[in-house]
Every structure is written in C-alpha cells, then in structure tokens.
Amino acid sequence: MKRENIYFDLAALHHKVRPENYPFPTAQEFISLAKNLVGSDHLMWGTDVPSTLVQYSYRQLLDYQWKLFTEEERKLVFHDTAERIYFST
C-alpha cells in the first residue's frame, strides 16, 4: 500500500463504523493504523459534505480526526497532500 502514487482519503470513515457515535473510537483506531502503515503524507481528510452533515456537525467531522495528528502531519492531511496531488503540475 505504500507506493508513491497511492493515497487514501478519510471521508465518511465515521459512516463505516456505524452505529458507533462521535467521537468514533473505532474510526480513530483505523486512522492511526493507516498513519502507521502508509504515513500521514498518503492520507487526506474528507467529509463527504453535505450528506454527512445530517448526523454530525462540520466541527465534529474535523475534531475527531484532528487530534490524531501532529502539527506537521495536519498540514499534510488537511491541505498539502491534496494540494500537491490535485493542483500541482
């Protein structure tokens, strides 16, 4: 799974662990596992908004993942990796 051209988004991961509720401890475990397997530089935050907002707030969707990453990792997961992959030439 750790290849230069393979990336994973974390969108709607909280739906995959239903009926578990916020803060989705099982989803957090999966994220930590993925971080250890492929690295934060191969993960991208996502929400699948607007459909996911019917159950949880945007803040909750951000917060349950935010605390799993260091400051440097957050830059990658919440911005830099997507910027590089989708918008760099």
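Begin by selecting α3 in this predicted model: the cover over its buried residues includes α1, α2 and α4 (71-87). The buried residues themselves are Leu61, Leu62, Tyr64 and Gln65. Viewed down the axis of α3, these residues fall within an arc of 165°, so they line one face of the helix.

**Helix α2**

Next, select residues 25-38, which form helix α2. This helix of 14 residues reaches 20 Å from its first C-alpha to its last, close to the 20 Å expected at 1.5 Å a residue. Display the side chains of Ala27, Gln28, Ile31 and Val38, the buried residues of α2. When the view is turned to look down the axis of α2, its buried residues lie within an arc of 120°, so they line one face of the helix.

What do the buried residues of α2 pack against? Add β1 (8-9), α1 (13-16), β2 (43-44) and α3 (58-66) to the selection, since these are the elements in question. On the face turned away from the buried side of α2, select Glu29 and Asn36, both of which are exposed. Then step just past the end of α2 to Gly39, where phi is positive, at about 90°.

**The largest pocket**

The next stop is the largest pocket, whose volume is about 210 Å³. To display its lining, select Met1, Phe8, Asp9, Leu10, Leu13, Phe30, Ile31, Leu33, Ala34, Leu37, Val38 and Leu43. Two elements, β1 and α2, give two or more residues to this lining. Which element supplies the largest share? Helix α2 does, with six residues. Ile31 and Val38 deserve a second look here: they are among the buried residues of α2, and they also belong to the lining of the pocket.

Colour the lining by residue class. Which class dominates can be read from the counts: 11 residues are nonpolar, none is polar and one is charged.

**The loop between α1 and α2**

Move now to the loop between α1 and α2, which holds Pro19, Pro23 and Phe24. Select Arg18 and Pro19 together: the peptide bond joining them is cis, with omega of about 15°. Further along the chain, select Tyr22 and Pro23, where the peptide bond is also cis and omega is near 15°.

Phe24 follows in the loop between α1 and α2. Its phi is near 55°, a positive value in a residue other than glycine. Is Phe24 buried or exposed? With a relative accessible area of 0%, Phe24 is buried, the cut-off for that class being under 20%.

**The loop between β1 and α1**

Finally, select Ala12, which is located in the loop between β1 and α1. This residue has a positive phi of about 60°, although it is not a glycine. Its relative accessibility is 9%, so Ala12 counts as buried. Showing Ala12 and Phe24 together places side by side two residues with positive phi, about 60° for Ala12 and near 55° for Phe24.

Conventions
Residues are numbered from 1 along each chain as its sequence is written. This is a predicted model: local features need pLDDT of at least 70, side-chain atom pairs count only at pLDDT 80 or more; totals for chains, interfaces and linings use all residues. Side-chain values use heavy atoms; hydrogens and water are left out. Helices (H or I, at least four residues) and strands (E, at least two) are DSSP runs, numbered from the N terminus. The expected span of a helix is 1.5 Å times one less than its number of residues. Buried means under 20% relative accessible area, exposed over 50%, partly exposed in between (1.4 Å probe, protein chains only). The arc is that of the directions from the helix axis to the C-beta atoms. Contact means heavy atoms within 4.5 Å. On a 1 Å grid over the protein atoms alone, a cavity is a set of points where a 1.4 Å probe fits but cannot get out, and a pocket is an open set with protein on both sides within 12 Å along at least five of seven lines; lining residues have an atom within 4 Å of a point. Grid points are joined across faces, edges and corners, and a volume is the space filled by probe spheres set on the points. Ala, Val, Leu, Ile, Met, Phe, Trp, Tyr, Cys and Pro count as nonpolar, Asp, Glu, Lys and Arg as charged, and the others, Gly among them, as polar.
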